[in-house]
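Trainee: Got a minute to walk me through this one? I'd like to start with how the pieces are defined.
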Amino acid sequence: MENQRDFCTECRRETNYTLKKIKINQTIREKEYTFEITAAFCNECGGEMG
């Protein structure tokens, strides 16, 4: 796998990141749904990258 780098808004620099699957809950029209999405997390600070 190639080196994954992007700008982290928490660290304020370009860092490596790891992709992880997370579950989020959303309420749509008064009904709650759970979604599993893939998000990028900074390897330096652990913050979620936008």
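Mentor: Sure. Strands here are DSSP runs of E with at least two residues, numbered from the N terminus. Two strands pair if DSSP finds at least two bridges between them.

Mentor: This is a predicted model, where local features need pLDDT of at least 70, side-chain atom pairs count only at pLDDT 80 or more, and totals for chains, interfaces and linings use all residues. Residues are numbered from 1 along each chain as its sequence is written, and side-chain values use heavy atoms, with hydrogens and water left out.

Trainee: OK, what order do the strands of the sheet take?

Mentor: S1-S2-S3-S4, in an open sheet of four strands with antiparallel pairing. S1 (5-8) and S4 (48-49) are at the edges with a single partner strand each, so one side of each has no neighbour in the sheet.

Trainee: How many bridges join S1 to S2?

Mentor: Four, with S2 covering residues 13-28. One to look at is Phe7, whose bridge partner in S2 is Glu14.

Trainee: And how many bridges between S2 and S3?

Mentor: There are 12, and S3 spans residues 31-42. Tyr17, for instance, has Cys42 as its bridge partner in S3. S2 and S3 make a hairpin with two residues between them, and Arg29 in that turn has a positive phi of about 50 degrees.

Trainee: What about the turn between S3 and S4, which residue has a positive phi there?

Mentor: Gly46, at about 85 degrees, in a hairpin with five residues between the strands. Two bridges join S3 to S4, and Ala40 stands opposite Met49 in S4.

Trainee: Switching topic: how many disulfides does a search of the whole structure find?

Mentor: Zero, taking a disulfide as a pair of cysteine sulfur atoms within 2.5 Å.

Trainee: Why is there no bond between Cys8 and Cys45?

Mentor: Because the sulfur of Cys8 is 3.9 Å from the one in Cys45, its closest cysteine sulfur, and that's too far. The sulfur of Cys45 has its closest cysteine sulfur in Cys11, at 3.6 Å, also too far for a bond.

Trainee: Is Cys8 buried or exposed?

Mentor: Buried, at 1% relative accessibility. Cys45 is partly exposed at 41%. The cut-offs: buried is under 20% relative accessible area, exposed is over 50%, partly exposed is in between, with a 1.4 Å probe and protein chains only.

Trainee: Last one, where does Phe35 lie?

Mentor: In strand S3. Phe35 is partly exposed, with a relative accessible area of 35%.
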